[in-house]
Amino acid sequence: MDQAGYSKTQLHITLLSGFFIGFCVAQFMSYIIISEHILSVSLQLKHETNPVTLNCSTIPEIRHDHPYDNSTVADQLKKEVRILCWVMTNPENHKKKARHIKRTWGKRCNILLFMSSEYDDELPTVKLDVEEGRVNLWRKVKEAFKYVYKHHYNDADWFYKTDDDTYAIIENLRYMLYPYHPMTPVHFGFKYKAYVKQGFMAGGPGYVLSKEALRRFVVEGIPSNKICINDTNEFEDFEIGACMENLNVTAGDSRDWNGRGRMFVSVPQDHLVPDRNTGFWYWNFSFYKNDEGLDCCSDNAISFHYVIPELMYTMDYLIYHLKPYGIVRELHRLPAKLKVGEFLPPPIEEIANSNEDSMDDDDRKH
């Protein structure tokens with residue numbers, strides 16, 4: 001090779017080496033710049049006081065059917081145990097909370113109503129002539145039940161009131177109510193043991209009135225200041241509990257056959273996770289002794305309170321769509337129907353022997 005050829009070859013090698021080294025340096029610098037940007041954004045998000053949450057108002061209504069599921073018993077119970085559900089809400093929560101009840105568990109009620117001070121045709125709402133605010137909750141409950149009695153008394157057998165941050169499994173509510181005659185004066189819910197001798201039901205997870213309990217409340221209780229106080233009050237659950245006692249409406253036991261709760265004042269994790277809330281006021285006010293961990297809750301649980309919309313959709317999927325393949329549960333045989341005025345015997349609180357509870361298996365003895 002002559003001198004000129006060798007110089008050209010050397011020049012080409014030098015240029016290629018320069019391009020390669022330059023490319024590597026550029027990539028390295030780009031990595032540093034991008035990494036610094038990511039770190040800056042991460043630090044900003046880490047110290048963000050108001051983290052971004054899912055805008056549930058954008059969630060569309062989605063059909064997710066299981067055409068081969070056998071819903072014969074559930075369909076039959078829907079005909080035999082007719083439940084009117086009414087949800088306590090307000091204009092500010094129509095889009096934030098109430099609409100998500102309609103899109104999840106609310107559609108399983110026989111009748112679904114939303115009680116508010118403004119009309120909203122998406123829900124739809126019943127516009128009550130009551131100002132919003134906690135101080136008016138008791139008056140709002142009375143007006144709502146008066147509306148239900150006037151317009152839907154013969155359309156349902158049971159009347160379930162709940163809040164707009166509650167998730168309810170209506171099939172399990174029907175299962176609990178099935179043996180009871182709707183003309184028996186009784187109401188069910190999560191029972192507190194304070195203030196009212198027979199206990200009163202928490203407003204959050206909801207309480208359900210029989211047909212006769214509704215009649216007594218509207219016809220005999222509300223018109224009488226001696227039976228049902230007419231003052232404004234934010235503690236509507238206590239007031240209706242006292243009113244039910246004065247009307248000789250029994251505070252029913254909503255626990256299942258072995259004493260596990262079915263209606264809960266908080267989200268599932270507050271009851272299921274051991275030692276999560278050792279100072280929870282719930283333990284002091286619960287009418288019945290209850291455990292935490294898996295032994296807290298019935299397999300046929302009915303309602304949970306303080307449920308945000310994101311969790312409503314999550315629970316709807318986990319309860320109605322997610323299935324462990326190969327596991328098919330047998331249905332419990334429906335209990336015998338009771339006559340008017342009859343009640344089921346109290347649960348037998350057997351010692352748990354499943355290692356599912358949060359404490360020793362003999363903790364119920366103490």
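This is a short talk on the disulfides of one protein chain, with a look at a surface patch at the end.

Okay, hi everyone. Before anything else, keep in mind that what you have in front of you is a predicted model.

Let's start with the cysteines. How many disulfides are there? The count comes to three. If you number the bonded cysteines along the chain, the pairing goes 1-2, 3-4, 5-6.

So, pair by pair. Cys85 is joined to Cys109, and the sulfurs sit 2.1 Å apart. This pair links distant parts of the chain, 24 residues apart. If you want to find the two ends, look for Cys85 in strand 1, which covers residues 83-88, and for Cys109 in the loop between helix 3 (94-103) and strand 2 (111-116). Which hand does this disulfide have? The torsion about the S-S bond of Cys85 and Cys109 is about -95°, so we call it left-handed. And both Cys85 and Cys109 are buried.

Moving along the chain, Cys228 is joined to Cys243, with an S to S distance of 1.4 Å. Cys228 is in the loop between helix 6 (211-221) and helix 7 (236-246), while Cys243 is in helix 7 itself, so this disulfide ties together parts that are 15 residues apart in sequence. Are these two buried or exposed? Cys228 has a relative accessible area of 1%, and buried means under 20%, so Cys228 is buried. Cys243 is at 0%, so that one counts as buried too.

Then there's the pair of Cys296 and Cys297, with 2.0 Å from S to S. The link of Cys296 and Cys297 is left-handed, with -80° about the S-S bond. As for accessibility, Cys296 is at 1%, which makes it buried. Cys297 is at 8% relative accessibility and also counts as buried.

Okay, leaving the cysteines, let's go to the surface. Which residues form the nonpolar patch there? They are Tyr317, Leu318, Ile319 and Leu322, and together they have about 360 Å² of accessible area. Let me pick out one of them, Ile319. You'll find Ile319 in helix 10, residues 309-320. Its relative accessible area is 38%; that lies between the 20% limit for buried and the 50% limit for exposed, so Ile319 is partly exposed.

To recap, that's three disulfides, paired 1-2, 3-4, 5-6, plus a nonpolar patch on the surface that includes Ile319. Thanks, that's what I had for today.

Notes
Residues are numbered from 1 along each chain as its sequence is written. This is a predicted model: local features need pLDDT of at least 70, side-chain atom pairs count only at pLDDT 80 or more; totals for chains, interfaces and linings use all residues. Side-chain values use heavy atoms; hydrogens and water are left out. A disulfide is a pair of cysteine sulfur atoms within 2.5 Å. Helices (H or I, at least four residues) and strands (E, at least two) are DSSP runs, numbered from the N terminus. Buried means under 20% relative accessible area, exposed over 50%, partly exposed in between (1.4 Å probe, protein chains only). Patches are made of residues with over 30% relative accessible area and no salt bridge: like charges are joined within 9 Å, nonpolar side chains (Val, Leu, Ile, Met, Phe, Trp, Tyr) within 5 Å. Accessible areas come from the Shrake-Rupley method with a 1.4 Å probe; for residues, only the protein chains shown count as cover. A salt bridge is a side-chain nitrogen of Lys or Arg within 4 Å of a carboxyl oxygen of Asp or Glu.
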